[in-house]
Structures are given as structure tokens and as C-alpha cells.
Amino acid sequence: MNRPVGIALEAVRCSAGSQDLLTIDSLTIRQGERVALVGHNGAGKSTLLRLLSGFMTPTQGNVRVFSHDLGQPLPAHELRALRREVGQVMQGLHLVARLSALDNVLIGSLGRVGGWRSWTRCFPADEIHRGEAALHAVGMLARAAIRADRLSGGERQKVAIARLLMQGPGLILADEPTAALDPSAAVDVCGLLREAAATATLITVVHTPALLPLLAERVIGLKQGKIAFDLPIAAVNAEKLANLYRPAGESADRHGPSVPDQHRVTGQEVFS
Amino acid sequence: MLVPALSSRALDRFGGRLGFLGLTLLYLLLIAACLGSLAREGELSFGRNPVANLLKTAGEFARPSFLDAWFGNPHLEYRSDDGTVLRTENRQTVERDYLAGLGRATWTTIRIATLGSLLGALLGLPLAVLTARNLAAPRPLAWLAKGVLDVARSIHTLVFGLVLVGIVGLGPTAGILAIGLHSMGSYGKLFAEAIESLDMAAIDAVRGVGAGPAQVFFNAVWPTVLPQFVSSHLYIWEFNIRDSTILGLIGAGGLGLLITEATALFQWGRLSTVLLVVVALVVSFDALSRRIRAALA
């Protein structure tokens, strides 16, 4: 583990109103690491990803991604510079529906291509070649001209990964990339994601234990906005996962809105 | 103590049905009031001999005047009561001239509808941007824009036309402005809906690769919204072709003028010719626009 540090969080707290979404004392992820985030809905996984992609700033604390300090809101140009280095795969709707698969892949080059070419979508020939190569890599070259909204869920996810290859980011954030897929497509997509992340850091949110070994060498379990465990994949077993997913006490998380606020807070204090 | 509890439970179970029954009764009452009062005022008459009138009108309708351009009497003689020939008329040339005028009137109607629709779209777009909820324009501006759109939509084209004829005078300009002002309301509403249905996740994804605002606009917003804009434009344009045929009634020119003439002179044959043109125009534009809209979907 002598790779340079890619991501460092220190004394981070994110809250929305009176509710703490995420509290992390310290978290370091080295460059090239493959990390899976697990935990039930509302545990703070997506909050963590949004934090790392600059879609959210922490209420308190330091977040460092590569050379960018995300503790305060970034100026627009630095935010764009960060996002060029951070590739995202989200579940479901994240392609531009009316554009073809190839056009969607070419969006990945917007960080490099500027000016009128990027406004009229007249991308330079070498970028188009690269886009076709990326589609070929995910086995979607034959579907290059098909509009994104006519593709199946698995095909869309593959196009999203081709866009990722096009972007060539140093950090890949994948939020439940297999949520809408059947099991064989999920394995397919995970394999492609892993190839796309050959030289990059990969952080994936997954719910399917079977996919963990494909995607991660390290697993971080989140529970109610806190790190419950942070272990190498070999040390993660069914019991640990079952503990993590077991509802806390009165399942405060699931029934959050209907339970009076002060009750919910005591519940958290008691059970976490 | 028991009765209110029972009745409230009964209300829970049958409240919806009772409400519907009440509304139905109110509706029937309204219809009875309308019919009854009209009958008492003696306004429900069909005239003195409706059947004969209907047959006569239908007969003349069934022989549209344009047929005379080919089959008309070339030497129609107008005679006075004592049998002297006052003048002779070539029905064929008269009707051919009328057809030429009809063609010009059709072109005027198309011009009014086309330019009016474009004006409405241009006026409606900025107001739509202000009213679209996901763009979060300043509240007072959004309300103002929504108010303008609602007023424009609720005032009929004909009313706009009547007012505008008084301002800019008779002619197509009044028609264009009337169409533009009324359809501005519809455009604003449809455009705002198109903007509101934008897929924000896709936009975030494009923003997520580090694209600047202009790149996000041209790569995610524009390709999504443009086809919907074009589709609504065609839809309202088609609507306005229909609307502008009636604008001649108030002096904006075009087919409506010929309709007024024909009805004022009881020339049902000519009215039938004009209406055939209106139907052909609307149906062909409808087919064309539907095909384009299907291709854009």
C-alpha cells in the first residue's frame, strides 16, 4: 500500500437541516484502489459520492480529491477541472435520451474539446475514432447510431461506461450501476467497469454481495451516516453484511419522516 | 352519541358516491334551467319551415360553385320580366375569376397563420423560460409571465382581431397580430412543459464530465428540447390555419372574407367551394405536420 493518496476526508460532517447525512472522522483512499460502499438506503453512500464529485460541499471538514480541496465551494473553472478527472456512472437515467449512443459517448470528450465544435456537436475526427473504439470496447459499436432511449437498460449502462472510457478519469464513481439490470447483464457491466478502471480509482455503491469481489478489493460499510466497517474484501462475510443491513432498533431510518424528530435522534444515539 | 359516529362512518364509505350523485343532480338541474327558460322565452323555435329550408340549402351546397368554371352556362341570359335580355354572362369566366380570387385569399390565410404562429412562438418562448418551474426564475417575474400567458390564452383570436383592426386598420397585419397574441399563450404553456420535462439526471451527467454551461446547453438541453419545440410549433401552426380562416369575418382578409360574402348573399354554392378549400387546407397541413411530428418523436 505505497500508492499515493487519491482521496482524503477529515472530520467531515454533512447535514441537511437538523439531520446529519454523513459523519466521517477520517477516510483515505489511495490511487488505483477499488472500493465498494455498502449500506442500506439513506446510510450516506450517495452523499459521499456527491461530495467527491463536487455536487455537494461538506457542512464541516476537509475533503481532498487529487489536488482539489473540496472543503469550500469551488470556483466554477476548478469544479469543471475536478469533474474532468472524476467519471460517474449512475443508475438509470443519465444518458441524453435523444442523442445516439455515439453522441452520448462523445460527451465524455467535452473536457478536451471546446468552443464551437462542442456546441454544434461537430467533434474532431480523432475524438470520433476514440468514441467508436470505446463503444467497441464495451461491445456496442454495432448500436452506435441508435438513440439512447431505444437502448435496453444494460446497453445504456455499457454506453455510460464507454463515455467513461472516453473521458479517461482518474477516479470513477459508480452509484448502483447494476440496479436496473438482470443478473447476467450486471456481471457483464461489472466486468466492463473493472476494465475501465484498470488504471483509475474505482468507488462503487453496490447492494448485491455476489458482485463485491468483482468490483472491490476493499469494502466500506456505512450505517446512518457513519463508517461501520472498513475491511479488505477477504474479511467481509455474510454476517457482517447482515448486521449492516439489519434495521437499527425501531428501524428509525425507514420510518424516519413519520417518527417525531426527538424520538428518532434518541434512537440513533442508542443504537449506533 | 351513536348517530353522529354512524353517519360519519357512512360518509366515509359513501361520501364520494353521494358527492358524485349531488353533482349529477346539479348538472341535470342546470340543463333543465337552460332548456326551460329558453322555451318560456320562445327562443327554442326552428323557424317557419325548417325542412324546406334545409333541403334547399343542402341542395345548393351539393352543387359547389367551382363546377361552373368548367360546366357553367357560357351564355347565361339575364332577362327582365317582359322578356328582354338585360345582359349575358359567361358563367365559366365569372367562376374562374372567383377561383383565382379564392387562391389569393387562401394564400393570405396561409400567410396570416404562418407569420402569426411565428410571432406567437417568439413571444411565448421568453415567457415560457420565466414560467418553467425547474428554471426557478424570480417569483414575481414568473407570476407576471404566467399572468400574461393566461390572459393571452383566455382571450379569443377574434376578440384580439376586433380590437387590433381598430388600432392597425383592416388587413392581414391585424390578423397576424391577433393570431400571434392569442397563440403566445398556448406556446408559452407548451414550451414551459417541454422545459419542465427535461431530464435533470442527464443534464447532471453531462455537467459531471466537466462540461461548461454552454456545452451543457448544446449537448443536453438543446437536443432534448428542440424537437418538442418544433412539434408544438407545428401543432399550434396547424391550429392557427383553422383559426385564420375565420379572421376574414372581422376584416383581416383571406378566406374568412369570402365566407362572409357568400353567407351575406346566401350563395351556398360558393360557400361550399370555400369550405372545401378550408377542409383541404386543414387536412393536408394536419397530415404534413403529423408526419413531421411523428418523425421527431
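Which residue of E4(A) stands opposite Ile7(A)? The partner is Val65(A). That pair is a good way into this predicted model.

Ile7(A) and Val65(A) face each other across two strands of chain A, E1(A) and E4(A), the latter covering residues 60-65. E1(A) and E4(A) are antiparallel and share five bridges. E1(A) itself spans residues 5-16. Strand E2 of chain A, residues 19-30, also pairs with E1(A). This pairing is antiparallel too, with 10 bridges. Two residue pairs help to set the register. Arg13(A) lies opposite Thr23(A) in E2(A). Ser15(A) lies opposite Asp20(A), again in E2(A). E1(A) and E2(A) form a hairpin with two residues between the strands. There, Gly17(A) adopts a positive phi near 65°.

Step back, and these strands belong to an open sheet of four. The order is E2-E1-E4-E5 in chain A, and the pairing is antiparallel. E2 and E5 (68-69) of chain A are the edge strands, each pairing on one side only. In a regular strand, side chains alternate between the two faces of the sheet.

Chain A has another open sheet, built from six strands. Follow it in the order E6-E7-E8-E3-E9-E10. Here the pairing is mixed. Why do E6 and E10 of chain A each have one side without a neighbour in the sheet? E6 and E10 (226-232) stand at the edges, and each has a single partner strand, so one side of each is left open in the sheet. On average, neighbouring strands of the six-stranded sheet are turned by 15° against each other, direction ignored. At the E6(A) edge, the partner is E7(A), residues 171-175. E6(A) and E7(A) run parallel and are joined by five bridges. Within this pairing, Val86(A) has Leu171(A) as its bridge partner.

Now look at a helix of chain A. H1(A) covers residues 45-52 and is mostly covered, with seven of its eight residues buried. The buried set consists of Lys45(A), Ser46(A), Thr47(A), Leu48(A), Leu49(A), Leu51(A) and Leu52(A). Just past the helix, Gly54(A) has a positive phi of about 75°.

Next comes the nonpolar interior. The largest nonpolar core contains 81 residues. Ile161(A), Ala162(A), Leu193(A) and Val206(B) have the most contacts inside it. Those names come from both chain A and chain B. Helix H6 of chain A, residues 153-167, gives the largest share of this core, seven residues. Ala162(A) shows how the packing reaches along the sequence. Leaving aside residues up to four places away, Ala162(A) touches Val105(A), Ala134(A), Leu135(A), Ala137(A), Val138(A) and Met140(A). A second core is separate and has 35 residues. Among its members are Ala128(B), Ala178(B), Phe191(B) and Ile236(B).

Where do the chains meet? The contact draws 22 residues from chain A and 18 residues from chain B. On the chain A side, H2 (76-85), E6 (86-90) and H4 (115-119) are the elements that each give two or more residues. H2(A) gives the largest share, four residues. E6(A), the edge strand of the six-stranded sheet, is thus also met in this list. By class, the chain A side holds 10 nonpolar, seven polar and five charged residues.

Turn to chain B. Its secondary structure is 11 helices and two strands. From the N terminus, the elements run α-α-α-β-β-α-α-α-α-α-α-α-α. Is chain B compact or extended by its radius of gyration? A compact globule of 297 residues would come near 19 Å, whereas chain B has 28 Å. Along the principal axes, its C-alpha atoms fill a box of roughly 90 × 70 × 40 Å. Of the 297 residues, 33% count as buried. Among contacts in chain B with a separation of 6 or more, 67% link residues 24 or more positions apart.

One residue of chain B shows such a distant link. Arg293(B) sits in H11(B), the helix of residues 268-296. Is Arg293(B) buried or partly exposed? With 18 other C-beta atoms within 10 Å, Arg293(B) is partly exposed. Ser231(B) is 62 residues away along the chain, yet the two C-alpha atoms are separated by 5.3 Å. Arg293(B) touches Ser231(B) and also Leu234(B), not counting residues up to four places away in sequence.

Note on methods. Residues numbered from 1 in each chain as written. Chains lettered and ligands numbered in written order. Predicted model: local features only at pLDDT ≥ 70, side-chain atom pairs only at ≥ 80, totals over all residues. Rg over C-alpha atoms; globule rule 2.2 N^0.38 Å. Buried ≥ 20, exposed ≤ 12 C-beta atoms within 10 Å, placed from the backbone. Contact = placed C-beta atoms within 7 Å. Pairing = 2+ DSSP bridges. Nonpolar A, V, L, I, M, F, W, Y, C, P; charged D, E, K, R; others polar. Core = buried A, V, L, I, M, F, W, Y, C linked by C-beta atoms within 7 Å. Axes fitted to C-alpha atoms, helices over the stretch in contact; angles between N-to-C directions.
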